[in-house]
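Student: I've got a model open and I'd like to know how the labels people put on it are earned. Can we go through it together?

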Protein chains: 2
Amino acid sequence: MIKHELSTEEIIKDAAKKVFLEKGFGNTTTRDIAEHASSNIALVNYYFRSKEKLFQEIFRECFADTFAPIARILNDDLPLEAKIYKFVDQMIELLKSDPMLPMFVFSEMRGENSKIGSLMAEMHPKENRFLLQLEEEAAKGNIRKTNFDQIELSLMSMVIFPFISMNMIKMKQNLTTEEFYRFMDERKKAIPEMILTYLRHRG
Amino acid sequence: MIKHELSTEEIIKDAAKKVFLEKGFGNTTTRDIAEHASSNIALVNYYFRSKEKLFQEIFRECFADTFAPIARILNDDLPLEAKIYKFVDQMIELLKSDPMLPMFVFSEMRGENSKIGSLMAEMHPKENRFLLQLEEEAAKGNIRKTNFDQIELSLMSMVIFPFISMNMIKMKQNLTTEEFYRFMDERKKAIPEMILTYLRHRG
DNA sequence: AAATATTTTAAACAAATGTTTAAATTTTTT
DNA sequence: AAAAAATTTAAACATTTGTTTAAAATATTT
């Protein structure tokens, strides 16, 4: 197994991501980051100019890591059922591999979103094949007619929220991280089943 | 209309809640709070001893404001369908009146939850009538058998997550706050319908 | 009304924090 | 090998920030 040697810059960036995701911008100090990188504060600024710039770079990546897969899968050319199963499966795998990601992204976006603004514009203007697809299926009479924005939001909620409330769930249900992940794996079936059962039984 | 005169202590606490909820502990300064209260930093510490103590007091209240209604309604003595409708309705009304509440509570609970720990213990050990009720209905054959922890989590997710991602939703769908709240009101029907449709169509 | 307690203000302090400087070390280029 | 460039280190700097002090103003009690 070839171990790719990480540059100092990469080490610092990885450390920064770890600390920012764990504690958020406001609770993170430059010294925190330097220590986690076994480095020093001067090097952090040498490579990234400032805490703010370093944060922006990491936030931008995390934002993309979160929303790019969503857009990609929802715009896939797949039948509805397969798409929903794939979406839930892949998102849960992603979030298991980076469980702090959504809490970080959404918490840094609160308050009259100073930090973002631009990111949204670059990211999301692409058309939404998923909503179109739902409309088509409804037109064909395969699923019920309803406000599909609500369906999409519920899908996102059921996938993402458990990771946002991970600590609460783990404490309430007394779960180890492993057990929590198994609980999430169960959702790969439970969520699509709920969505599809609802869609297929017209009101 | 009688205008109850607020004490300095109350003014400062209200200001602190506003700022903490908007920016989180780490991004809030004592001076922030003092300014929002049209007061000064010495008074903040005069009444609350420290930023940390003031925060703890507010977090404790917010934690209760979030989870007490959940426990109360889910333990209500109501038939399943009525309970689910009531739960969604009341939670959405609560969150509309305090939309930053869940983001605040969950974001301050992340990382190996230093600040909480104790709160969980005081709060949640009460039995969960909702899960028992689901088991009963399943035993009677009225709803499908499944892991009801997943149902409960999905219910929470669909109610709470939209407020956590409020800014994202407002930007993506170009909504004013009023429009966003109308979108949330729609969920008072959409969410119970989805849950109940799923439960009533056994697999 | 005098004495006492409480509240408020302005200023100061100490520690923490983001950033920079300048020298030392290492790496790369000539 | 010498020169130049890039990286690393330790220290210092300037702000910001949480907290405290001491005096002034106000309210309460005697």
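Tutor: Sure, we'll take the DNA contacts and then the two domains of chain A, bearing in mind that this is a predicted model.

Student: What makes A:T30 a polar contact of DNA strand C?

Tutor: A polar backbone atom of A:T30 sits 2.7 Å from a phosphate oxygen of the strand. The cut-off for a pair of N or O atoms is 3.5 Å, so the pair counts.

Student: Which part of the DNA does A:R31 reach, and how do you know that it is a polar contact?

Tutor: A:R31 goes for a base: a polar atom of its side chain is 3.0 Å from a base nitrogen of DNA strand C. That is within 3.5 Å, so it passes. On chain B, the side chain of B:N40 has an N or O atom 3.1 Å from a phosphate oxygen of DNA strand C, and by the rule of 3.5 Å that one is therefore a polar contact too.

Student: Which elements give two or more residues to that surface?

Tutor: Those are α2 (30-36) and α3 (41-48) of chain A, plus α3 (41-48) of chain B. The largest share, four residues, is from α3(B).

Student: How do the residues near DNA strand C divide by class?

Tutor: Six are nonpolar, seven polar and two charged. On the DNA side, 49% of the strand's atoms within 4 Å of the protein belong to sugar or phosphate, and the rest to bases.

Student: On to chain A alone. Where do its domains run?

Tutor: The assignment gives domain 1 as 1-49 and domain 2 as 58-200. Their centres, taken over C-alpha atoms, are 29 Å apart.

Student: How many residues of each are in contact?

Tutor: Eight from domain 1 of chain A and 10 from domain 2 of chain A. Together the two domains bury about 770 Å², with 68% of it on carbon and sulfur atoms. On the domain 1 side, A:K13, A:K17 and A:L21 lose the most area, together 65% of what that side buries.

Student: Why is the pairing of A:K17 with A:D98 called a salt bridge?

Tutor: Their closest N and O atoms are 3.1 Å apart. The limit for a Lys nitrogen and an Asp carboxyl oxygen is 4 Å, so the name fits. The count between these two domains is two salt bridges. As for class, the side of domain 1 that touches domain 2 has four nonpolar, one polar and three charged residues.

Notes. Residues numbered from 1 in each chain as written. Chains lettered and ligands numbered in written order. Predicted model: local features only at pLDDT ≥ 70, side-chain atom pairs only at ≥ 80, totals over all residues. Heavy atoms only, no water. Near = heavy atom within 4 Å. Polar contact = N/O pair within 3.5 Å; in protein donor to acceptor, adjacent residues only side chain to side chain. Nonpolar A, V, L, I, M, F, W, Y, C, P; charged D, E, K, R; others polar. Domains from an automatic or database assignment. Contact = heavy atoms within 4.5 Å. Buried area = accessible area lost by both parts, 1.4 Å probe. Salt bridge = Lys/Arg side-chain N within 4 Å of Asp/Glu carboxyl O.
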